[in-house]
Amino acid sequence: VVLAAGSGKRMGTSVHKQYLLIKGKPVIYYTLRAFELSEVDEIILVTGADEIDYCSREIVEKYNFQKVRAVIAGGKERYDSVYEGLKHVTSDYVMIHDGARPFVKKDLLDRLVVGMEEHKAVLAMVPCKDTIKRVKDGKVVETLIRSELMQAQTPQAFDTVLIRNAYKEAIENNIQATDDASMLELQGKDVYVVEGDYDNIKITTKEDLK
């Protein structure tokens, strides 16, 4: 499931960040290409309701992506879009990835596949390089132990039934989370770590695009 329904408000551009160009091709092209060339069986592309025709014509058809099985409308929030995407998944396992992470590499996808063979829920993470402090009202209230901190990335990979049920329960009970693994964590389920990649950045600001 590739998520491309975000508006990218922090980018500050009129064009959504997933359609901005890198070397003449949109960000989402590179994201989809990584999965097209991987062992993934099928791709569900989740986009804005008013962008389905554009994505189908100008992305999927134009670049001849054979594994994109469906282009569907997302929801108001990220978790709504993920749940809509999960409804269309027919495989036993699923990877969920941000469309604005175009630099995902094959070896990371391979590590996730291996992780899924052992566990039902895994995600890519990298150790934090910076010291992280908790701040409230402009004042530092706590310095966290850096050796215990990691940055979550996508793809995050799951047993399909497990993650779909977690999202269903969360949405029914108005539970919100900023990433997919959190949906399971909030329900007391185990999630395991796979080595991520510092190059696997999410394009959020103009500096990231450079």
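**Exercise 1. Give the strand order of the open seven-stranded sheet, then name its edges and its twist.**

Step 1. In this predicted model, the open sheet of seven strands runs in the order β5-β4-β1-β6-β10-β7-β11. Its pairing is mixed.

Step 2. Look for strands that pair on one side only. These are β5 (68–73) and β11, the edge strands.

Step 3. From one strand to the next, the twist averages 30 degrees.

**Exercise 2. Find which strands helices α2 and α5 touch, and state the angles.**

Step 1. Take helix α2, residues 52–61. Helix α2 packs on the sheet and touches β4 (43–47) and β5. The direction of α2 makes about 150 degrees with that of β5.

Step 2. Take helix α5, residues 160–172. Helix α5 also packs on the sheet, where it touches β6 (93–98) and β10. Here the angle with the direction of β10 is about 110 degrees.

**Exercise 3. Describe the surroundings of strand β7: its cover, its two partners and the sense of each pairing.**

Step 1. Start with burial. Strand β7 covers residues 121–127, and six of its seven residues are buried.

Step 2. Turn to strand β10 (residues 150–159). Six bridges join β10 to β7, and the two run antiparallel.

Step 3. Check the register on this side. Valine 122 has alanine 157 of β10 as its bridge partner. Proline 127 is bridged to methionine 150, also in β10.

Step 4. Now take strand β11 (residues 192–195). β7 and β11 pair in the parallel sense, over four bridges. One example is leucine 123, whose bridge partner in β11 is valine 193.

**Exercise 4. Classify cysteine 55 and cysteine 128 as buried or exposed, and state how many disulfides the structure has.**

Step 1. The cut-off for buried is under 20% relative accessible area.

Step 2. Cysteine 55 has a relative accessible area of 1%, so cysteine 55 is buried. Cysteine 128 has 15%, so cysteine 128 is buried too.

Step 3. Now the bond. A disulfide covalently links the sulfur atoms of two cysteines. A search of the whole structure finds zero disulfides.

**Exercise 5. Place leucine 21 in the fold, classify its exposure, and give its distance to aspartate 110.**

Step 1. Leucine 21 lies in strand β2, residues 21–22.

Step 2. The cut-off for exposed is over 50%. Leucine 21 has 55% relative accessibility and therefore counts as exposed.

Step 3. Leucine 21 and aspartate 110 are 89 residues apart in sequence. Their C-alpha atoms are 27 Å apart in space.

**Exercise 6. Test the radius of gyration of the protein chain against the rule for a compact globule, and sum up the whole chain.**

Step 1. The chain has 210 residues, so a compact globule would have a radius of gyration near 17 Å. The chain has 17 Å, which agrees.

Step 2. Add the extents. Along the principal axes, the C-alpha trace spans about 50 × 35 × 35 Å.

Step 3. Count the secondary structure. The protein chain has seven helices and 11 strands.

Step 4. Look at burial and surface. Of the 210 residues, 44% count as buried. The exposed area is about 11600 Å², with 47% of it supplied by carbon and sulfur atoms.

Step 5. Finish with contacts. Among those between residues at least 6 apart in sequence, 71% join residues at least 24 apart.

Conventions
Residues are numbered from 1 along each chain as its sequence is written. This is a predicted model: local features need pLDDT of at least 70, side-chain atom pairs count only at pLDDT 80 or more; totals for chains, interfaces and linings use all residues. Side-chain values use heavy atoms; hydrogens and water are left out. A disulfide is a pair of cysteine sulfur atoms within 2.5 Å. Buried means under 20% relative accessible area, exposed over 50%, partly exposed in between (1.4 Å probe, protein chains only). Two strands pair if DSSP finds at least two bridges between them. The radius of gyration is taken over C-alpha atoms; the globule rule is 2.2 Å times the number of residues to the power 0.38. Contact means heavy atoms within 4.5 Å. Accessible areas come from the Shrake-Rupley method with a 1.4 Å probe; for residues, only the protein chains shown count as cover. Axes are lines fitted to C-alpha atoms, for helices over the stretch in contact, and angles run from 0 to 180 degrees between N-to-C directions.
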